[in-house]
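The following note is offered for discussion alongside the coordinates. Its points concern one helix and its surroundings, a surface patch, and an aromatic pair.

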Amino acid sequence: MRRNLFRKLALTFLALLASVLVAVDFFAERALRRDSERATFAQLATIARFVQTRPPEFPSFSSAQTEDLERLHRWAAEIGSGGARITVIRFDGQVLADSQSDVRTMENHADRPEIREALAKGEGRSVRHSVTLRRDFLFYAVRQDVAAGPPIVLRFGIPLETANQALGLFRRSLWLASLVILLVAGMVSLLVFRGF
């Protein structure tokens, strides 16, 4: 009778401990994911500020010639060689250059949330699926005023899996630590049970 009571108490303790560890892991992972996204957006904003100090030198994107577009594509490829994807988008949503894709295969971007927000407020951001590259991205966009015409949007992106690499490491470490805690608690419970 007493043995069954202590066994039930030990199992209840372990179940409660496991529940607490799962809850802590869940909320810690969510907090780290938010921090990771915040840090990635801050990184993209820094890249955007740097890029805006040396924007393309065209008089107007609304009447850009083929050679201007080729020059713009080379500029985007050079900027994008640092790892972040860059896309140059006209005010009406037409993609003028992209560091990772052929603009002829890209659809109009006027409906993208980060583009609309950038045109309205000066900057925009979103976490969503890229139809062009078929991957989830964190996007940060800024409006760039052009002296001889309407503004354009410079959009920067980093794949979500790249931003979440640290999260995967943290998740494995957290689950390993939780498993160790659970095993230690189980052994302590067993010793206490035997002592009684």
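1. The model under discussion is predicted.

2. Helix 3 spans residues 113-121, and its buried residues are Glu114, Ile115 and Ala118. Viewed down the axis of helix 3, these buried residues fall within an arc of 100°, so they line one face of the helix. The exposed residues Ala120 and Lys121 are carried on the face turned away from that buried side.

3. What covers the buried residues of helix 3? The cover includes strand 1 (85-90) and strand 3 (123-130), as well as strand 4 (135-146) and strand 5 (149-159).

4. Attention may also be given to the end of this helix. Glycine 122, just after helix 3, takes a positive phi of about 105°.

5. On the surface, Leu176, Val180, Val184 and Val188 make a nonpolar patch of about 350 Å². Of these residues, valine 188 is placed in helix 5 (residues 165-195). Valine 188 counts as partly exposed because its relative accessibility is 44%, a value in between the limits of 20% for buried and 50% for exposed.

6. The count of aromatic pairs comes to one. The ring centres of phenylalanine 137 and phenylalanine 139 are 5.2 Å apart and the ring planes stand at 10°, so the pair is stacked; planes under 30 degrees apart count as stacked. Are these two residues buried or exposed? Both phenylalanine 137 and phenylalanine 139 are buried.

Terms used: Residues are numbered from 1 along each chain as its sequence is written. This is a predicted model: local features need pLDDT of at least 70, side-chain atom pairs count only at pLDDT 80 or more; totals for chains, interfaces and linings use all residues. Side-chain values use heavy atoms; hydrogens and water are left out. Buried means under 20% relative accessible area, exposed over 50%, partly exposed in between (1.4 Å probe, protein chains only). Helices (H or I, at least four residues) and strands (E, at least two) are DSSP runs, numbered from the N terminus. The arc is that of the directions from the helix axis to the C-beta atoms. Contact means heavy atoms within 4.5 Å. Patches are made of residues with over 30% relative accessible area and no salt bridge: like charges are joined within 9 Å, nonpolar side chains (Val, Leu, Ile, Met, Phe, Trp, Tyr) within 5 Å. Accessible areas come from the Shrake-Rupley method with a 1.4 Å probe; for residues, only the protein chains shown count as cover. A salt bridge is a side-chain nitrogen of Lys or Arg within 4 Å of a carboxyl oxygen of Asp or Glu. Rings of Phe, Tyr and Trp (its six-membered ring) pair if their centres lie within 6.5 Å; planes under 30 degrees apart count as stacked, over 60 as edge-to-face and the rest as tilted.
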